[in-house]
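Good morning, colleagues. Please look at the sequence and the structure on the screen while I go through the fold, the core and the charged pairs.

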Amino acid sequence: MSLLDRLADAHIHAAAERGEFDNLEGAGKPLPRDAARDVPPELRAGYRLLKNAGYVPPEIEAWREIRDIEDLLRTAQTDGDPARRLQRRLRWLETRLRETRRGRALLADPHYASAVRERLTQKSHSQP
């Protein structure tokens, strides 16, 4: 364990002993499901960095939309045009995710790749 790790660990233990973590929101409850749970572990750190910079990988955004559509379908009438449109959108998203899992590169999405390139270019030009 590095010196930095030991110092951080000591600060965390001291704060816990002082009770600084006792009244945190969600204390004693399970952690929420990780939005990146379907991303390979070796890519999660990079995905989180991009997300914190304002960019969400298309796969993660698709999973979020799938969950939203499933919630809507549970509460919507099962027949009718809006429900059919939601079901078609759901099938399309699931198909797209299956294609991604077969090895389609993340940056093959032109909108996402363009946004990442633009963001990285802005950062490199603004650096002294």
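Let me begin with Asp71, which is partly exposed, with a relative accessible area of 40%. By that term I mean the range between buried, under 20% relative accessible area, and exposed, over 50%, using a 1.4 Å probe and protein chains only. The side chain of Asp71 meets that of Arg74 in a salt bridge, at 2.2 Å from N to O. A salt bridge here requires a side-chain nitrogen of Lys or Arg within 4 Å of a carboxyl oxygen of Asp or Glu. Arg74 is itself exposed, with a relative accessible area of 61%. The two residues are three apart in helix H3, so about one helical turn separates them. In general, an α-helix has 3.6 residues a turn, so residues three or four places apart point the same way.

Before going further, I should say that this is a predicted model, in which local features need pLDDT of at least 70 and side-chain atom pairs count only at pLDDT 80 or more, while totals for chains, interfaces and linings use all residues. Residues are numbered from 1 along each chain as its sequence is written, and side-chain values use heavy atoms, with hydrogens and water left out.

Now the overall fold. The protein chain has five helices and zero strands; both are DSSP runs numbered from the N terminus, helices being H or I with at least four residues and strands E with at least two. Buried residues account for 19% of the 128 residues in the protein chain. Among contacts between residues at least 6 apart in sequence, 53% join residues at least 24 apart, where contact means heavy atoms within 4.5 Å.

Helix H3 deserves a closer look. It covers residues 58-75, which is 18 residues, and reaches 26 Å from its first C-alpha to its last, close to the 26 Å expected at 1.5 Å a residue. That expected span is 1.5 Å times one less than the number of residues. Its buried residues include Pro58, Glu59 and Ile60.

Which residues make up the largest nonpolar core? There are eight: Ala62, Ile66, Ile69, Leu73, Ala83, Leu90, Leu93 and Leu97. H3 and helix H4, residues 81-101, each supply at least two of them. Such a core is a set of buried Ala, Val, Leu, Ile, Met, Phe, Trp, Tyr and Cys residues joined through side-chain atoms within 4.5 Å. Leaving aside neighbours within four places in sequence, Leu97 is in contact with Glu59, Ala62, Trp63 and Ile66.

I return to the charged pairs, since the count comes to four salt bridges. One of them joins the side chains of Glu65 and Arg89, at 2.6 Å from N to O. Glu65 lies in helix H3 and Arg89 in helix H4, so this pair ties together parts that are 24 residues apart in sequence. Both partners count as partly exposed, Glu65 at 24% relative accessibility and Arg89 at 34%.

Another salt bridge links the side chains of Asp81 and Arg85, again listed at 2.6 Å, N to O. These two residues both lie in helix H4, four residues apart, about one turn of the helix. Asp81 is partly exposed, with a relative accessible area of 36%, and Arg85 is partly exposed at 46%.
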